[in-house]
Amino acid sequence: MHTLIRAPRWRSPLLVMAVALMGPTLTSSPAAAETAVRPATAAQKVSSGTVTIRRDSFGVPHVYASSEFGLFYGYGHAVAQDRLFQMEMARRSTQGTVAEVLGDKFLAFDKTTRANYWPASIHDQIARLPKADRDILEGYAAGMNAWLAKVKADPEKWMPKQFRDFGFEPSPWTAFDVAMVFVGTMANRFSDFNTELDNLALRTALIDKHGEAKGKEIFDQLKWIVDPETPTTIAPEEGEYAVKVAQAAAQPDTADESPKYALPRYDDVPPSFARLAKTPDGALAGGSVEAQRELLLAELGTLGMTGQAGFPAASNMWIIGRKLARGANSILLNGPQFGWFAPAYTYGIGLHGAGFDLVGNTPFAYPSVLFGTNGKISWGSTAGFGDGVDIFVEKLDPADPTRYQHKGEWRTMEKRSETIAVKGGEPVTLDVFRTVHGVVVKSDPAKGVAYAKQRTWDGLELQSLMAWTRKGQSQNWAQWLKQAERHALTINWYYADAEGNIGYAHTGKYPVRKAGHDRRLPVPGTGEMDWDGVLGFDTNPKVYNPRQGYIANWNNPPIKGYPNPDMIWLSWGAADRQHELEQRLRAKGPMDAEGMWSLLEPTSLADVNARYFLPVLQQAVASLPADDARKALVAALQNWDGMNADRNRDGFYDHPAPAILDAWLAAMLKATFADEVPADFMRYFGATGYPTPERPPAGSINIQVGTKLLYQVLRGKSASVPQKHDFLNGREALDVVREALGQAAETLAKSYGGTAPAGWKVPVARLRYFTNNFMGVPQALDVEVAQTHVVMNRGTENNMIALGRGPVRAWDVLGPGQSGFIDMQGMRSPHYADQLELFDTFGRKTLPWSAQDVRRDTQSVEQLQLPRR
């Protein structure tokens with residue numbers, strides 16, 4: 001049986017209630033009902049025409065087959081048994097076919113989705129795959145369809161209840177469907193970031209408000225390019241970024257030349273303010289454009305990047321090698337932060353045969369295991385946030401807005417017409433256009449311009465998927481690195497092996513931009529600013545066996561001198577949550593797996609802002625009278641351990657510090673930036689990012705962009721980003737700090753009563769397992785919602801792998817559980833939420849890898865016959 005490793009805590013009544021709300025539990029899952037446990041044999045053998053699926057005590061399938069088609073046939077079959085409705089909605093969400101089954105509320109969503117990818121390109125890439133790679137996709141789809149046929153033959157027994165309640169049935173799968181789940185949830189979620197038009201709108205507004213010179217100066221401070229004090233994944237002693245990067249708008253990337261173009265104005269609604277709004281529970285809100293914008297701005301102003309109007313700021317990683325590992329040669333601890341959902345965002349799987357022998361888990365049951373081990377090596381990932389996407393301003397023909405000028409010639413945009421089916425309504429036609437640069441994201445014929453998005457990874461989505469898949473077969477650093485080079489998406493890849501070697505590569509393809517290209521802003525599409533190809537993989541930051549003996553990342557930059565991405569909502573700077581990881585790792589020194597896992601809880605509960613502002617707060621109140629309310633607030637912070645915890649599970653934080661910092665930061669950000677930054681953009685620069693009981697986090701908690709800038713402002717002349725513009729308008733910094741403290745004291749006294757912080761009872765915010773996927777589309781019933789006892793700034797799942805000095809040891813925990821199956825009577829799989837309490841108490845379960853360990857933990861065995869091909 002599995003070993004459960006739990007923190008010494010009692011069972012949470014909150015979790016008992018959350019599980020009870022999900023309904024009764026099935027005594028067996030669809031898979032377990034198929035075949036009883038069979039006696040263990042000396043070795044797991046399968047014929048070429050059969051697939052064996054062994055399920056462990058947490059319902060994780062281990063698939064055994066002798067061919068790629070058979071192995072992934074078994075994988076798809078198991079996924080369909082566990083997650084059929086979730087996968088159906090993922091497929092529809094990534095292809096823009098939700099309105100077909102859920103009605104016109106989702107029509108705008110479908111339009112947005114379809115306008116952001118080119119189906120023919122994906123089909124062409126699939127057709128060009130080697131047969132072995134195509135077999136992976138086709139086998140997976142065939143396995144899904146085999147189970148689907150069984151469901152349709154006996155829907156009362158096997159059809160998930162969600163289909164009946166939402167009023168439609170599942171449809172067969174294809175290789176294209178399997179690929180698009182990856183494209184839509186990985187490439188289009190984590191490698192498609194771009195806010196160059198928002199940046200241009202901000203720059204335009206700043207110039208209008210402050211004049212040309214001052215407006216540009218303020219823009220450069222709001223959106224700096226490189227902060228030399230930013231903590232990096234690769235230590236400065238290992239080197240700097242190999243590509244020269246301009247530090248200001250007027251400077252080119254590669255030579256001392258002036259920009260070759262004049263930037264246009266942008267007076268329309270910035271794209272990030274025109275997105276489809278989501279409610280605090282993660283559902284697409286629907287309604288008028290005006291109502292959605294009002295909701296989006298309200299959410300953004302309240303929680304910033306933490307809430308439903310934010311963007312993912314995801315994932316952390318610790319790795320130690322032979323220099324620091326004890327009881328193993330390498331230990332890898334990964335916390336990919338995708339958000340928290342019911343059913344679980346990731347899916348546990350073991351694949352054994354056809355050149356694979358691995359175990360781990362992966363988002364949306366991809367046919368590539370993103371987090372896992374094959375016994376020789378282990379691997380994981382975090383979002384890389386490199387800049388591989390640019391906006392090109394196309395000059396339109398006044399007589400025909402589907403023609404644009406490029407290199408002195410008028411060219412006709414490529415066009416495709418989509419027909420969108422709408423439940424209960426008439427079909428809707430959508431025209432999507434593409435230029436030589438990429439899909440057209442916005443067209444404004446009245447102004448004679450269109451905006452096209454060019455992506456370095458366009459056309460390489462399937463190569464990237466297969467690089468991730470084949471990485472799981474790598475036996476050493478050299479083989480692993482070959483797959484990293486093939487991978488075109490901007491993702492950080494991590495490596496550890498049984499010999500104690502550790503490594504890291506910032507993967508992705510990045511453009512060679514023309515001199516004078518300000519990477520934060522759009523450039524002309526008429527040809528003079530076209531990319532000069534793609535940088536070679538030798539320029540991608542990477543390290544093997546760093547001298548410090550460890551690798552730590554929380555989405556901070558890969559290497560010293562690496563430029564900030566263009567996103568308005570993300571800036572790398574001297575204030576960075578990575579300090580929470582690295583400083584604990586350094587303090588711990590050499591450690592075993594238990595020591596490594598012990599880093600997880602304090603890092604997950606740590607306030608990401610406190611360390612940067614407590615010194616200036618102490619300085620500000622040092623001369624105040626002892627009975628001053630402002631002094632009491634700072635004294636409370638001084639007596640706090642920095643943890644936003646609820647150890648006695650009473651529903652209130654153990655300390656009022658989260659409320660104090662939230663209130664002070666809100667007042668301080670307003671006092672510092674509100675008079676310079678246009679009102680709508682203050683939603684980014686004025687948000688504190690602290691979740692509330694009513695507004696749980698949609699993803700991980702990061703230091704907000706305004707807070708990072710505030711840290712620079714308060715440092716004054718010692719700021720690592722030069723502060724040419726005085727945001728304090730001549731006032732002394734400590735005076736502004738005291739004034740904001742006074743406003744915070746008044747606000748908090750009204751909210752919690754009295755003036756003594758020790759008596760304040762601040763309700764906790766919790767992690768909520770949303771029943772809508774990250775795109776806002778339903779993937780579960782409302783009764784499936786669950787939550788933890790307090791917010792934890794940790795992985796959607798956490799996994800740890802120790803290699804060397806003995807057998808392979810692997811652990812993970814993915815709440816709420818492995819399965820998402822609920823039958824027609826409302827009975828849920830026993831593995832729907834059996835990891836929820838484990839997650840909530842920072843526990844973990846062992847993950848069997850070897851054939852012997854899998855057999856020992858087997859709870860059911862299912863034999864499948866492969867179809868004739």
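**Questions on cavities, cores and loops**

Q: Into which classes, and with how many residues in each, does the lining of the largest cavity divide?
A: This is a predicted model, in which local features need pLDDT of at least 70, side-chain atom pairs count only at pLDDT 80 or more, and totals for chains, interfaces and linings use all residues. Residues are numbered from 1 along each chain as its sequence is written, and side-chain values use heavy atoms, with hydrogens and water left out. When Ala, Val, Leu, Ile, Met, Phe, Trp, Tyr, Cys and Pro count as nonpolar, Asp, Glu, Lys and Arg as charged, and the others, Gly among them, as polar, the lining of the largest cavity divides into ten nonpolar, six polar and one charged.

Q: What is the volume of the largest cavity?
A: The structure holds twelve cavities of 30 Å³ or more, a cavity being a set of points on a 1 Å grid where a 1.4 Å probe fits but cannot get out. Among the 17 residues that line the largest one (each with an atom within 4 Å of a point), those closest to its centre are Ala 606, Asn 644, Tyr 690, Pro 691 and Ile 701. Taken as the space filled by probe spheres set on the points, the volume of this largest cavity is about 180 Å³.

Q: Which helix gives the most residues to the largest nonpolar core?
A: The largest nonpolar core (buried Ala, Val, Leu, Ile, Met, Phe, Trp, Tyr and Cys residues joined through side-chain atoms within 4.5 Å) has 245 residues, and those with the most contacts inside it are Trp 664 and Tyr 684. With helices (H or I, at least four residues) and strands (E, at least two) taken as DSSP runs numbered from the N terminus, the element giving the most to this core, with 13 residues, is helix 3 (residues 68-95).

Q: Which residues beyond its neighbours within four places in sequence are in contact with Trp 664?
A: Trp 664 is one of the two residues with the most contacts inside the largest core. Counting heavy atoms within 4.5 Å as contact, and leaving aside neighbours within four places in sequence, the partners of Trp 664 are Phe 613, Leu 617, Leu 710, Leu 714, Val 737, Ala 740, Leu 741 and Ala 744.

Q: How far apart are the end C-alpha atoms of helix 7?
A: Helix 7 (residues 131-153) has 23 residues, so at 1.5 Å a residue it should span 33 Å, the expected span being 1.5 Å times one less than the number of residues. The model agrees with this expectation, because the end C-alpha atoms are apart by 32 Å.

Q: Is Gly 516 buried or exposed?
A: Gly 516 lies in the loop between strand 18 (502-506) and strand 19 (523-524), and its C-alpha is 39 Å in space from that of Gly 549, although the two are 33 residues apart in sequence. Buried means under 20% relative accessible area and exposed over 50%, with partly exposed in between, for a 1.4 Å probe and protein chains only. Because its relative accessibility is 0%, Gly 516 counts as buried.

Q: What is omega for the peptide bond from Ala 342 to Pro 343?
A: Pro 343 lies in the loop between strand 5 (330-335) and strand 6 (346-353). The bond that leads to Pro 343 from Ala 342 is cis, with omega near -10°.

Q: What is the relative accessible area of Ala 365?
A: Ala 365 lies in the loop between strand 7 (356-363) and strand 8 (371-373), where it has a positive phi of about 50° although it is not a glycine. This residue is buried, because its relative accessible area is 2%.

Conventions. 1 Å grid on protein atoms, 1.4 Å probe; cavity = no way out; pocket = protein on both sides within 12 Å on 5 of 7 lines; lining within 4 Å.
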